[in-house]
Amino acid sequence: MTDSGRSTRPARPGRSLFRWLRRVFFGDVFALVYLGLCAALLVWAITVAVVGAGEDASFAGVIPLLATAPVSLVLFGLPGGAVTFIGAVVGGALLNAAVIGWCARTLRRGGRPDPAD
């Protein structure tokens with residue numbers, strides 16, 4: 001114990017990574033809304049493609065790809081079929097949510113430096 005009453009126990013390495021991930025991806029309401037929208041679009045596209053409701057059901061996957069562009073368009077070029085499609089949309093959504101969260105935090109700060117960065 002130190003004089004201030006705090007423990008001098010070292011922090012676990014995984015704990016700081018979890019804290020960083022939580023702050024980047026889930027620390028802002030705009031990023032969470034965007035992730036929810038992307039998840040809903042992905043579920044909708046998969047449902048429409050599986051059910052095959054209509055002639056243009058095969059184009060349903062375009063909407064989640066465009067919602068998570070540009071990252072998803074780059075990742076979608078990899079071979080792999082349905083797994084690549086889902087991975088491209090999830091990867092694009094996570095990266096875009098991180099950018100949205102960073103932009104929102106920066107705009108809220110108003111140009112002041114962030115002590116956490």
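These are short notes on a predicted model, taken point by point.

1. **The salt bridge.** A search of the whole structure turns up one salt bridge. Its partners are Asp 28 and Arg 108, with the closest N and O atoms 2.4 Å apart. Asp 28 sits in the loop between helix H1 (13-26) and H2, while Arg 108 belongs to helix H5, so the pair ties together parts that are 80 residues apart in sequence. Side chains of opposite charge can pair when their charged atoms come close. Asp 28 is buried, because its relative accessibility is 3% and the cut-off for buried is under 20%.

2. **The largest core.** Six residues make up the largest nonpolar core: Ala 31, Tyr 34, Leu 35, Cys 38, Ala 93 and Ala 97. Helices H2 and H5 each supply at least two of them. H2 gives the most, with four residues.

3. **A second core.** Separate from that one is a core of five residues. Among its members are Leu 42, Leu 65, Phe 85 and Val 89.

4. **The aromatic pair.** The structure holds one aromatic pair. Phe 76 and Phe 85 form it, with ring centres 6.3 Å apart and planes at 80°, so the arrangement is edge-to-face. The two rings sit in unlike surroundings. Phe 85 is buried at 14% relative accessible area. Phe 76 is partly exposed, at 40%. Phe 85 also appears in the second core.

5. **Asn 96 in H5.** Which helix holds Asn 96? Asn 96 lies in helix H5, which covers residues 82-109. With a relative accessible area of 15%, Asn 96 is buried. Its side chain reaches the backbone oxygen of Ala 69 at 3.2 Å. Leaving aside neighbours within four places in sequence, Asn 96 is in contact with Tyr 34, Ala 67, Thr 68, Ala 69, Pro 70 and Val 71. One of these, Tyr 34, is also listed in the largest nonpolar core.

6. **Ser 58 in a loop.** Is Ser 58 buried or exposed? Ser 58 counts as exposed, because its relative accessibility is 62% and the cut-off for exposed is over 50%. Ser 58 lies in the loop between helix H2 (29-51) and helix H3 (62-67). Ile 46 is twelve residues away from Ser 58 in sequence. In space, the two are 9.7 Å apart, C-alpha to C-alpha.

Conventions: Residues numbered from 1 in each chain as written. Predicted model: local features only at pLDDT ≥ 70, side-chain atom pairs only at ≥ 80, totals over all residues. Heavy atoms only, no water. Helix = DSSP H or I, 4+ residues; strand = E, 2+ residues; numbered from the N terminus. Buried < 20%, exposed > 50% of the residue type's maximum accessible area, 1.4 Å probe, protein only. Polar contact = N/O pair within 3.5 Å; in protein donor to acceptor, adjacent residues only side chain to side chain. Contact = heavy atoms within 4.5 Å. Phe/Tyr/Trp six-rings, centres within 6.5 Å; stacked < 30°, edge-to-face > 60°. Core = buried A, V, L, I, M, F, W, Y, C linked by side-chain atoms within 4.5 Å. Salt bridge = Lys/Arg side-chain N within 4 Å of Asp/Glu carboxyl O.
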